[in-house]
Amino acid sequence: MSKKGIFTLPQRGYSVKINTVARQAHGSALLQQGGTVLLATVVSAQAEGFPGFFPLSVDYREPFCAAGKIPGGYFKREGKSSDKEVLTSRIIDRAIRPLFPKDYFNQVQVIVTVFSVDKEHTPHSLAPLAASLALSASKVPFMGPVGVAEVGRLNGAWVIDPTYEQSLESDVKIVVVGTDEGICMVEGATNEISESEFVDALFLAHDSIKEQVAWQKEIFAGNSEAKEVSNFGIHWDEWDNKAFEFLNDERVLPLFNKEKSDRGEVMKQLQNDFFTHFVDEITPHGDDKKKIFEFIFDQELKERVTEIICKQGKRIDGRRYDEVRSIETEVGFLPFAHGSALFTRGSTQSLATLTLGSGQDEQRIEDIMGGEVDGSFMLHYNFPPFSVGEARGLRPPSRRDIGHGHLAASSFKYILPDKESFPYTIRVVSDILESDGSSSMATVCSTTMAFLDGGVPIKDMVGGVAMGLIKGKTSDFTVLTDISGFEDAFGLMDFKVAGTEKGITAIQMDIKYKGGLLREVFEKALAQAKIGRIHILGEMKKVMSQPKTELSGLVPQVVILKIDTDKIGAVIGSGGKVIREIIEKTGTSIDIEDDGTVKIFGQPGPSIELAVGWVKTLAGKIEKGALYNGIVKRIAEFGIFVELVPGKDGLVHVSMFPREKQNNLQAAYPIGSAVQVEVVEYDAELDRIRLKLV
């Protein structure tokens, strides 16, 4: 370790202890703002052989003890990472991954742990800064530092780094990470903001980021510790040049083919030709170095393809820069789903399945900040191996799956109907059946169409498009619309934009360009993305443009009642006994809220009608003239008590019976016998019901 000590940035309320705790890590930073404290650590290790990729791992953890809580459930210990932890880990990873030397392949592990959290400063928004401080304090050759800013909007005004309470009120949440030169990573959900508003937010955030970067550079000024390097026994730059020269236009042009499978075959042959051409120079390095030359070949191929695209003005599959692949959409694809849609764009295909449930189906989410997390909408993304022609084992959802699902779900944050008008729990599953890039945006499109097919009254249609940015050695920046999987790998920026025709609802940017991108580049890229998005929405509207007016008959019917709050206990019963009986005997699902709102879900028919009548009766919503099929519960001298529903009786006074039966009610109406009665009078104050036989 090198730099050590305590450093502050008073205007932001930051203090950090560098390399004073976790001293056996290769770099550590204990970052504090208010009562929120995070520890970021970095450890590196020499890779055993060439891994074929940069083996960076990032983990962000939020143990509940940081907020003075004990985890719920049976196991009082944190288990696998929550979705929020995975998403924050991905944000850090995507921001820092491009900021390492191209020939550095040591294992690097970054762990950010929350140890204390107050109710004002959200820890996940500080995590990229903590990681940057720890990396800068280590021997790892990090090409940072980076800063982070969260952008919100309150009453139409931008707010940088809103407090937790402000973030709950904001209709914009954009996380931006960058260096002093430019922006590295962007992710957020917005309420249909315009492209120009989004660019304003980016550069406002960058002003804050530059302040953090300057602080870190001041901390580590004069740090003379040598940074580690990866040594694989080859002259990297020399082989970069050899590979680039080998990959001339004549050899690479056959790759420019519309079909993904054909391109794969050409690439395989091209790599074989490369190893044959340099066999005398590569062989002495041994078989264990083969992965290095494959990696160099792959990187330089991307460089050469970029040069050719910029030179000939045509993309690898023959499309124009702004051209979207062909689109096909089919709704009602699955006959017994509540709603479904198959969306195909080029060789990318998403099947969305919609399911509508009751409040009991909501996802229960514990949050370290203590706020209520809405679990009434879930979007789950699956990427099976057959979608890319691979044979590998099925595994639980990966970080990528969780990230893509979250991005697609964010697109609908401000578009879904409110719970008051549409009280269903909504789940969408997107299965990627075929993939050649931009499957998350295909998920957005298929989800929109499944909503329309299922009759979900969304406020507007949402479409999504994945964009790319390339630059040749002698050409300007070029924006690509609807990038394929191959194009995704070699751009300087790839970004996904989802939104309506009015504006952006979700965005994700990963920027690999080491320098700062000018405002004009962002404006051009977003303007081209808007054109692409509106074109895609237009193709979707040719199939369906409005939600069905009625839900599928397979969807549970919902009846909403309002009862007095002092009657809630009567409906629930001691220990929940009454409501459990209603649910069990009627086959319905019942949600009761603190304000007396009761939602009853069930299939149309007598069962849900029985449940509704049962709840109304227990809650005192009893009308004169109402008819009940009751059961004789008790006999007294002055009449018989009839159970209208379990837990609620009424009295048929003796005077209501024929004279000949009044002296022997027990014989005429034995206990347990069924009778039909009518409400004569209901005294709400005394909760007494007078009945007569029908």
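Which residues in H2 meet which residues in H4? In this predicted model, Leu 129, Ser 132, Leu 133 and Ser 136 of H2 are in contact with Gln 212, Trp 215, Gln 216 and Ile 219 of H4. By class, this contact of H2 with H4 holds 4 nonpolar and 4 polar residues and no charged ones.

## The chain as a whole

The protein chain has 18 helices and 27 strands, and its C-alpha atoms fill a box of roughly 115 × 60 × 50 Å when taken along the principal axes. Of the 694 residues in the protein chain, 53% are buried. Among the contacts with a separation of 6 or more, 70% are between residues 24 or more positions apart.

## Helix H2 and its two partners

Helix H2 covers residues 127-136, and helix H4 covers residues 195-219. Helix H1, which spans residues 83-96, also has an axis that comes within 9 Å of that of H2. The geometry of the two pairs is set out below.

| Pair | Axes come within | Crossing angle | Handedness |
|---|---|---|---|
| H2 and H4 | 11 Å | roughly 25° | right-handed |
| H1 and H2 | 9 Å | roughly 50° | right-handed |

The axes of H2 and H4 cross at roughly 25°, which makes H2 roughly parallel to H4. The axes of H1 and H2 cross at roughly 50°, and H1 and H2 are therefore oblique to each other. In the contact of H1 with H2, Thr 88, Ile 91, Ile 92 and Ile 96 in H1 meet Ala 127, Pro 128, Ala 131 and Leu 135 in H2. The residues of this contact of H1 with H2 divide into 7 nonpolar, 1 polar and no charged. An α-helix has 3.6 residues a turn, so residues three or four places apart point the same way.

## Strand S6 and the surroundings of Val 112

Strand S6, residues 107-116, is joined by 9 bridges to strand S4, residues 36-45, and the two run antiparallel; within this pairing Val 43 stands opposite Gln 109 in S6. Strand S5, residues 56-61, is joined to S6 by 6 bridges, and here the two strands run parallel, with Val 58 standing opposite Val 110 in S6.

Val 112 has its place in strand S6, and because its relative accessibility is 0%, Val 112 counts as buried. Leaving aside neighbours within four places in sequence, Val 112 is in contact with Leu 38, Leu 39, Ala 40, Asp 59, Tyr 60, Arg 61, Ile 92, Ala 127 and Ala 131. Of these partners, Ile 92 also appears in the contact of H1 with H2, as do Ala 127 and Ala 131. Val 112 and Ser 57 are 55 residues apart in sequence, while their C-alpha atoms are 11 Å apart in space.

## Helix H5 and what covers it

In helix H5, residues 236-246, the buried residues are Trp 236, Trp 239, Asp 240, Lys 242, Ala 243, Phe 244 and Phe 246. The cover over these buried residues of H5 includes four helices: H6 (249-252), H7 (260-277), H8 (279-282) and H9 (290-312).

## An open sheet, a barrel and helix H16

Three strands form an open sheet in the order S20-S22-S21, with antiparallel pairing. Its edge strands are S20 (557-562) and S21 (589-592), each of which pairs on one side only, and the twist averages 15° from one strand to the next. S21 is joined by 4 bridges to strand S22, residues 597-602, in an antiparallel arrangement, and the bridge partner of Ile 592 is Val 598 in S22. Helix H16 lies across S20, S21 and S22, running at about 160° to S22.

A further set of 5 strands closes into a barrel in the order S23-S24-S25-S27-S26, with mixed pairing, and here the twist averages 50° from one strand to the next. Within the barrel, 6 bridges join strand S26, residues 674-683, to strand S27, residues 688-693, and these two run antiparallel; Val 677 stands opposite Leu 693 in S27. Helix H16, residues 606-618, packs on this sheet as well, touching S23 (627-636), S24 (639-645) and S25 (648-653), and its direction makes about 125° with that of S24. Helix H16 thus touches strands of the barrel and also lies across the strands of the open sheet.

Conventions. Residues numbered from 1 in each chain as written. Predicted model: local features only at pLDDT ≥ 70, side-chain atom pairs only at ≥ 80, totals over all residues. Heavy atoms only, no water. Axes fitted to C-alpha atoms, helices over the stretch in contact; angles between N-to-C directions. Parallel < 35°, antiparallel > 145°, perpendicular 65-115°, else oblique. Left-handed = near helix turned anticlockwise from the far one by under 90°. Contact = heavy atoms within 4.5 Å. Nonpolar A, V, L, I, M, F, W, Y, C, P; charged D, E, K, R; others polar. Buried < 20%, exposed > 50% of the residue type's maximum accessible area, 1.4 Å probe, protein only. Pairing = 2+ DSSP bridges.
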